[in-house]
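Please walk through this structure with attention to how its strands pair, what fills its cores and where its aromatic rings meet. The account goes from one sheet to the packing of side chains and ends at a single serine.

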Amino acid sequence: MANQSSSSSCPILCASFNQDHTCFAIGTRDGFRIFDTNSGRLCYQRFVGGFVIVEMLFSSSLLAIVGAGDKPSLSPRRLCLFNTTTSAALRELNFLTSILAVRMNRQRLVVILQDKAYIYELNSLTILETIDTVPNIKGICAFSTSLDACYLALPASTTKGSALLYNVMDRHLHCEIEAHRSPLVAMVLSSNGMYIATASEQGTIIRVHLVSDATKLPDILAASSSSGSVHVFTLAHASQPRLKRSSSILGSIIPDAVSDVLDPAFHHVLHNVVPAGIKSYAVIRKVDNVTDSSTSEFLACRAIMSVITYNGQFKEYNLSVDAHNDLTWSLGREFNLLTVTPDKAVIS
């Protein structure tokens with residue numbers, strides 16, 4: 001989950017990981033770059049002007065890109081589907097107002113404007129649905145890429161922290177969540193569409209809600225903050241009945257079940273991970289639960305956390321949470337995203 005600090009003076013205008021976190025893209029004032037997450041290798045770059053949106057479709061050659069408006073061909077109202085293999089535009093979609101967010105999976109393309117959301121069939125670009133929304137000047141949205149549980153979440157109010165969840169494949173409203181008293185500032189859906197995490201402008205609470213039938217929470221949730229810290233929540237521990245605190249979310253109308261406010265006992269703060277006041281984007285990947293081979297007893301949950309900061313840094317941390325919920329972490333590697341040259345692997 002990303003923080004929303006100002007990045008007007010930063011060299012990076014946008015950052016996004018692909019759907020399985022194996023690659024990530026950044027947009028700058030000069031162009032855009034694509035990196036391999038595992039090796040740090042610069043896979044592709046193009047310098048033609050500023051870009052405020054660069055979205056990948058898994059590890060394919062298809063990109064959805066939106067310009068920063070510094071030249072007529074890079075209008076923020078124009079979405080370009082771009083092929084990195086041929087370095088050519090495939091299709092373009094033009095809108096009346098600026099595009100604030102774009103999301104994709106293998107069958108759907110979602111475009112977010114200030115007061116509308118458009119859902120397209122990806123292959124034909126046939127428009128399937130137009131959703132009128134409340135004013136959403138920051139383009140806040142969440143999208144799950146699973147075809148079996150493909151949801152789009154959008155703010156439902158400008159005065160309180162409620163969200164509407166749409167089933168993008170079947171094209172119907174799934175439910176409404178009333179998660180916070182103040183307006184939403186960030187939200188993210190798990191890739192399998194089972195859970196959604198939300199944060200509000202008040203900034204003191206992150207809540208995780210059950211969206212569809214499931215039996216297990218994600219193991220770890222990470223959220224970067226404007227203070228320079230990253231907050232890590234060990235949800236697998238919190239979901240254990242003997243450890244979970246009794247609580248509820250006032251006014252939630254999600255069917256059947258709603259998660260608790262995350263208990264402080266399962267909350268870990270990683271201080272000074274990113275520069276204070278700089279926008280950043282953190283994802284958890286490569287989660288591995290370690291068990292005793294003879295007893296199958298849980299020993300630890302290990303994960304890699306990747307962080308992109310909008311001042312141009314990539315950082316990767318190794319996290320380990322033991323059976324007593326004690327967290328240890330260390331910096332695995334870091335490098336400058338703006339100085340990496342093509343085909344150069346960054347190992348440490």
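Ala186 stands opposite Ala199, a residue of strand 18. The model in which this pairing appears is predicted. Strand 18 covers residues 195-200, and five bridges join strand 17 and strand 18 in the antiparallel sense. Strands of a sheet pair through backbone hydrogen bonds, in either a parallel or an antiparallel way.

The two strands belong to an open sheet of three, ordered 17-18-19, with antiparallel pairing. Its edges are strand 17 (184-189) and strand 19 (206-210), each of which pairs on one side only. From one strand to the next, the twist averages 20 degrees.

The next topic is the packing of nonpolar side chains. The largest nonpolar core has 20 residues, and those that touch the most other members are Leu79, Phe95, Ile99, Val102, Leu109 and Val111. Two or more residues each are given to this core by strand 6, strand 7 (78-83), strand 9 (101-104), strand 10 (108-112) and strand 11 (116-121). Strand 6 supplies the largest share, three residues.

Phe95 can be followed in detail. Leaving aside residues up to four places away in sequence, Phe95 touches Arg77, Leu79, Val111, Leu113, Tyr118 and Tyr120. Another core lies apart from the largest one; it has 17 residues, including Val230, Val274, Ala303 and Leu327.

Which residues form one aromatic cluster? The members are Phe17, Phe24, Phe35, Tyr281, Phe314 and Phe335. The structure as a whole holds 13 aromatic pairs. In one of them, Phe17 and Tyr281, the ring centres are 5.5 Å apart and the planes stand at 80 degrees; because planes over 60 degrees apart count as edge-to-face, the pair falls in that class. This pair links distant parts of the chain, with Phe17 in strand 1 (residues 12-17) and Tyr281 in strand 23 (residues 280-291), 264 residues apart.

Are the two partners buried or exposed? Phe17 has a relative accessible area of 7%, and because buried means under 20%, Phe17 is buried. Tyr281 is at 22% relative accessibility, so Tyr281 counts as partly exposed.

Phe24 and Phe35 form a stacked aromatic pair, at 5.1 Å centre to centre and with 10 degrees between the planes. Phe24 is in strand 2 (residues 23-28) and Phe35 in strand 3 (residues 32-36), so placed that eleven residues separate them along the chain. Both Phe24 and Phe35 are buried.

The last stop is Ser60. Ser60 sits in the loop between strand 5 (51-56) and strand 6 (62-67). Strand 6 is also the element that gives the largest share of the largest core. The relative accessibility of Ser60 is 33%, so Ser60 counts as partly exposed, a class that lies between under 20% and over 50%.

What does the side chain of Ser60 reach? A polar atom of this side chain lies 2.7 Å from the backbone oxygen of Leu57. The side chain of Ser60 also reaches the backbone nitrogen of Leu62, at 3.3 Å. Farther along the chain, Thr85 is 25 residues from Ser60, and the C-alpha atoms of the two are separated by 9.3 Å.

Terms used: Residues numbered from 1 in each chain as written. Predicted model: local features only at pLDDT ≥ 70, side-chain atom pairs only at ≥ 80, totals over all residues. Heavy atoms only, no water. Helix = DSSP H or I, 4+ residues; strand = E, 2+ residues; numbered from the N terminus. Buried < 20%, exposed > 50% of the residue type's maximum accessible area, 1.4 Å probe, protein only. Polar contact = N/O pair within 3.5 Å; in protein donor to acceptor, adjacent residues only side chain to side chain. Pairing = 2+ DSSP bridges. Axes fitted to C-alpha atoms, helices over the stretch in contact; angles between N-to-C directions. Core = buried A, V, L, I, M, F, W, Y, C linked by side-chain atoms within 4.5 Å. Contact = heavy atoms within 4.5 Å. Phe/Tyr/Trp six-rings, centres within 6.5 Å; stacked < 30°, edge-to-face > 60°.
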